[in-house]
Structure formats: C-alpha cells, structure tokens
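Biologist: I should like to learn how the features of a protein model are to be read. May we take them one at a time?

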Amino acid sequence: MKFGFLKRSKDIDLEGYQSLPVVYQLRYSILEKVKKGEDPLPDIQGREGVKKDVLRALLSGAHPYLVSEEGTGKTRLARSLTKLLPEVPAIEGCPYHDDPKWPKDLLCPRCQASKNPQKEYGIELIPGERRFSRIQGNEYINEAKLLGLKDIQAIARGRSPFDPQVFTGTGIFRANRGILFIDELPAIRTKIQVLLHPVLEEKKAILEEYNWEHPLDLVLIATGNPQGFSHVNEVTRPLLDRLELIYMDLPEEETEREIMLKEKFKVKEDYYQPVEKEGILPYPSLKELEREVAAPWWIIDLINGAVRQSRNCPWLDKKASIRATTKGIDHTYASVELESRKVANLRDVAEGLKLAFRSRIGLRVDLVDFENPKKNFEKSNELAEYLLCKALADFDFRWEADKEIFSAELNSLLAEGTGNLTYKLQRYPELNRVIEQMKRVAKDKASYDLNRTERDFALQPEKLSQEVLEEYNYSALETICNLAWHRNLIGDSIKEKVFVPRMGSFSQKR
C-alpha cells in the first residue's frame, strides 16, 4: 500500500504499511508537492522567505523556531504544517499514538503490558490534524505540564508511585508521532526549558523520578517574541543550538489585505445541526446567519491602511497586529448591521477601528493617564480616527477630472444634499465620472474571499438593487470628499456634510 493512502475500514490491512518517522513523513509530503509544482503551505499568504526557511528546516529534519512580534501569524503557520502529515494507523486508545509496527521497546507502558496490543485494543487511523499538541508557554509551565504527572487514582488502587504505568503523559507525550507546538517558548522558565534538550537531541523524554526513558517521534515548532519584550526569558544557548531561528516579520500590505479577508468572521457549518422538531425553539439556517453587508474595496484598503499607519505612529509603544486588521473589518461590518444598512462607509470604519484598536495598541507611557482610565479610552478612540485620517491622506487613488469643474460640482452637490444620490449624480458629470472610475477599480481588487454582494460590486454591478446602489454611491462619494479635502480641492465646510475623521490632538492642523 502506498505511503499516505490508507484505507478506512474496521479491519485495517497493515500488510503494505511501512512505519516512518514524522520527519520522513514531512519530508516526503513537501517533496511531493514541490515535484507537482504546488505550494506546500498554501494557507500562508506571502511570506515566501519565511516559508522557505521553515521548509528547509523540515527537509533537513530540524526544528524551526519562529521569532517575531505579536500577531504576525506564527501560530497559524505552525498549525498549517499538520496538513503535510498523512493519516497513519495507531493502536486504538493509545495516549501516545503508538505505531502498530513498532517493536515493543518503543511502545508506551500500557501497550507494552499487552501480549498483542493490536488484537487487544484494535487499530485506528489518526489524521494529521490530530497529530498536533500545543503547549502555551507561560511562567507557570512546570515539569508536570511539559512531560506529565502521576495518576493519583492508580496509586490509590495499589500501584507503586514509581511504576511507569502510573505516569500520565501531557504536552510532549501527546505530540508523539506528530508536531509539538510550543507557543511563546521564552515565556517558559529557563530551568524548565532544559527538559527539551534530550527530546530534541536524543529523541526521548527522561523521567528521572521513574528511572525511565521513553522514546519519542516528533518535530518541534516553537515561537517566541524577541528579547526585550515583557515575560520573555532567555532561551538557553544549548536549546537554541538545537533549533533553527527564523524571523517572521509583518506581511506586506497586499498580503495583509488577503489575510484580513480570509480570516474575517464567517458562518461555517462546523458543529451546526439545525433542529426542526416541534416544541423546540427554532434555529436559523446558516444562510440567515451569513453576513450580507458589504465593504467596497476602498473601505477594505482604508482599514488595512489605518492599521499599518499604527506601526509607524510615534504616539504608540505597542503597535497593532494583523488581528487588528481582521477585527477592524469584522467590526466595520457589524456597524453596518446595527443600522440595518447594506454598505459600509467611513463612519462605520471609524467605529470598527475604535473597538479593534483598544486591546491591540498601547499608548506611549507619557500619554497614559493612570488616574483616569476613561481618558485613555477616549485617547484610543481619538487615535483610531487620527490613523484613519492618515490612511486617507496616503490613499493611492488618482482620478482623471478637471479640478475646477470637479470641485464646483462637489460643492454644489453637498449644498443640495446627498439624498437620492444616484439620481442626482446624473446632473454632475465630472463628479459622476470620478465615482465611476473608483468603482471600476473593484474589478482588479476582486478576491475569492469577498462575499456575494462585494463580488457583485466588482463583477456584476448591474445586479445591485436600488437600495444597495444608493449606499454604494454614498460610500464612494464620502471617500472622494475626504480625498478631495486632503488634496485641498474642497474646504472645511465638507465636515458639516459628510463624515471626516478627526485629526484631534495627535496632530497639528493640516
């Protein structure tokens, strides 16, 4: 039977199965994808240098250590590696996923105690996603959480405290025949880190209390923040020497946009089983729960731009992570839903960013009011609008229009009011032309991860209802007004007609 293609059945045929270590399984899967011209890590957008370093390490049987600031996608990359692991047979119920083809000395104490563990317990197939054990690094991690602890009930039943069968393996043992993921390795105290040395060097766990050494088949993927961050201990030099250090920076702008759209909140079928029996409260269908509100391309790009502005902001000690981008668009959608509208505009973005930033940025210490927390929330909200204002100032959209005619039409329309906008635009040809130019960019920005309405904006605008078209035109007009203000094509009177993010106390007047 070819490696990686096992049959599912009650009686699993192991005749053609060859037991292979995890490092060989990963190497095989990577090389097969390379031969086919496929990306071995398709779930990770961009980051080509980082991905290649990770793949180099795995192809060499080494252990990657991803170092970066918060929210760069380290955990997501580590978990995506499980998709490179094939389905493998294991002795059923074994806590360490013992391979039925292993010799007795490699088996766990439970399986060793059986004359024929295959016959006694049976065989099960373990998918790659289940061959992943995560340890969240923190100062409370100790030997018990890393390796295991004694089963008090077994001791109470008469077993010796020094019997290996009394031992219950935890994080490292659960990773046997898979991937051990240690998130925030430097957060673990140095004296506990040394327990990993024999795991990496000798492929075994050493439990001195039991005078017992147990072989392990795993690959370690570790992550951590750079030295100098809070709760960061030094990774011991001997341990670091056994790891491949890879720096993972924040993604480029276009890549972050892709991640934001892919990771945003979506209604999924996982764990959802609607109930339709009489007498039980009715549950909605998935279709009823889906987000039908839309964010035009300029709204998406401005959310991305505002978050990226935070990373160069002199007023912040803690910069926003990728999660701020994803939550920014999620909360923008929610703002639209709360008002029973269909299309996001700049005010929705401002409200969404305020919520997304609060737990993901840190004001410079001299700006923090330790006696009045409310003022800090107000400053955070003010900064969100400031960053959106900066994103608008740097927004890369150049339109073709006669500046004087365009400015006159814009002022005239705003004086008239924006109600029934779709109809009124027909009387302002230069302004209408700029808005249509803006809409045409949507086709180039179309993505698989847009929702149905957003794809209609890009590919089938003629399908838009009058209600959606009216809101779509208003969102475009509002953004154009802000761009015109930043380019000195219109005066401050605009602020009385449409939403303009405030620069506030964080910047001098333009």
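Modeller: Let us begin with a helix and its cover. The buried residues of H12 are covered by parts that include helix H3 (74-80), helix H14 (297-310), helix H15 (322-338) and H20. Please keep in mind that this is a predicted model.

Biologist: Which residues of H12 are buried?

Modeller: A residue is called buried when its relative accessible area is under 20%. In H12 the buried residues are Thr255, Glu256, Arg257, Ile259, Met260 and Leu261.

Biologist: How is the protein as a whole described?

Modeller: The secondary structure comprises 22 helices and 13 strands. Of the 510 residues in the protein, 50% are buried. The exposed area is about 26400 Å², and carbon and sulfur atoms supply 49% of it. Among contacts with a separation of 6 or more, 75% are between residues 24 or more positions apart.

Biologist: How should I read a salt bridge, and how many are found in the whole structure?

Modeller: One looks for a side-chain nitrogen of Lys or Arg within 4 Å of a carboxyl oxygen of Asp or Glu. The search of the whole structure finds 30 salt bridges. In one of them, the side chains of Lys262 and Asp43 meet at 3.9 Å, N to O. Lys262 belongs to helix H12, while Asp43 is in the loop between helix H1 (22-35) and helix H2 (48-59), so this pair ties together parts that are 219 residues apart in sequence. Lys262 counts as partly exposed because its relative accessibility is 28%.

Biologist: Which salt bridge has both its residues in helix H20?

Modeller: Glu436 and Lys439 both lie in helix H20 (residues 429-445), 3 residues apart, which is about one turn of the helix. Their side chains meet in a salt bridge at 3.3 Å, N to O. The two partners fall into separate classes of accessibility: Glu436 is partly exposed at 31%, whereas Lys439 is buried at 13%.

Biologist: What can be said of Asp366 and its partner?

Modeller: Asp366 forms a salt bridge with Arg364, with the closest N and O atoms 2.7 Å apart. Asp366 counts as exposed, since its relative accessibility is 54%. Arg364 is partly exposed, with a relative accessible area of 26%. A salt bridge may also be part of a network: Glu351, Lys354, Glu385 and Arg502 are linked in this manner.

Biologist: Where do charges of one sign gather on the surface?

Modeller: For a charged patch, one takes residues with over 30% relative accessible area and no salt bridge, and joins like charges within 9 Å. Here a patch of negative charge on the surface gathers Glu69, Asp249, Glu252, Glu253, Glu254, Glu258 and Asp396. Consider one of its members, Asp249, which is placed in the loop between strand S11 (244-247) and helix H12 (253-263). Asp249 counts as partly exposed because its relative accessibility is 44%.

Biologist: Why would one remark on a residue with positive phi?

Modeller: Most residues other than glycine have a negative phi. In this model, His97 has a phi near 55°, a positive value in a residue other than glycine. His97 is in the loop between strand S2 (88-91) and helix H4 (109-112), and at 10% relative accessibility His97 counts as buried. Arg177 also has a positive phi, of about 70°, although it is not a glycine. The place of Arg177 is in the loop between helix H8 (171-174) and strand S7 (178-183). At 2% relative accessibility, Arg177 counts as buried.

Biologist: How does one describe the surroundings of a single residue, and what does Asn451 touch?

Modeller: One sets aside the neighbours up to four places away in sequence and lists the remaining contacts. For Asn451 these are Lys264, Arg291, Val293, Ala294 and Tyr333. Asn451 is in the loop between H20 and helix H21 (452-459) and is buried, with a relative accessible area of 14%. Asn451 and Ala295 are 156 residues apart in sequence, and their C-alpha atoms are 9.1 Å apart in space.

Biologist: Is Gln118 buried or partly exposed, and which residues does Gln118 contact?

Modeller: Gln118, found in helix H5 (residues 117-121), is partly exposed with a relative accessible area of 32%. Leaving aside neighbours within four places in sequence, Gln118 is in contact with Leu14, Pro100 and Ile123. The C-alpha atoms of Gln118 and Glu92, which are 26 residues apart along the chain, are separated by 8.0 Å.

Definitions and conventions:
Residues are numbered from 1 along each chain as its sequence is written. This is a predicted model: local features need pLDDT of at least 70, side-chain atom pairs count only at pLDDT 80 or more; totals for chains, interfaces and linings use all residues. Side-chain values use heavy atoms; hydrogens and water are left out. Patches are made of residues with over 30% relative accessible area and no salt bridge: like charges are joined within 9 Å, nonpolar side chains (Val, Leu, Ile, Met, Phe, Trp, Tyr) within 5 Å. Accessible areas come from the Shrake-Rupley method with a 1.4 Å probe; for residues, only the protein chains shown count as cover. Lys and Arg count as positive and Asp and Glu as negative; His and the chain ends are not counted. The place of a charge is taken as NZ of Lys, CZ of Arg, CG of Asp or CD of Glu. Helices (H or I, at least four residues) and strands (E, at least two) are DSSP runs, numbered from the N terminus. Buried means under 20% relative accessible area, exposed over 50%, partly exposed in between (1.4 Å probe, protein chains only). Contact means heavy atoms within 4.5 Å.
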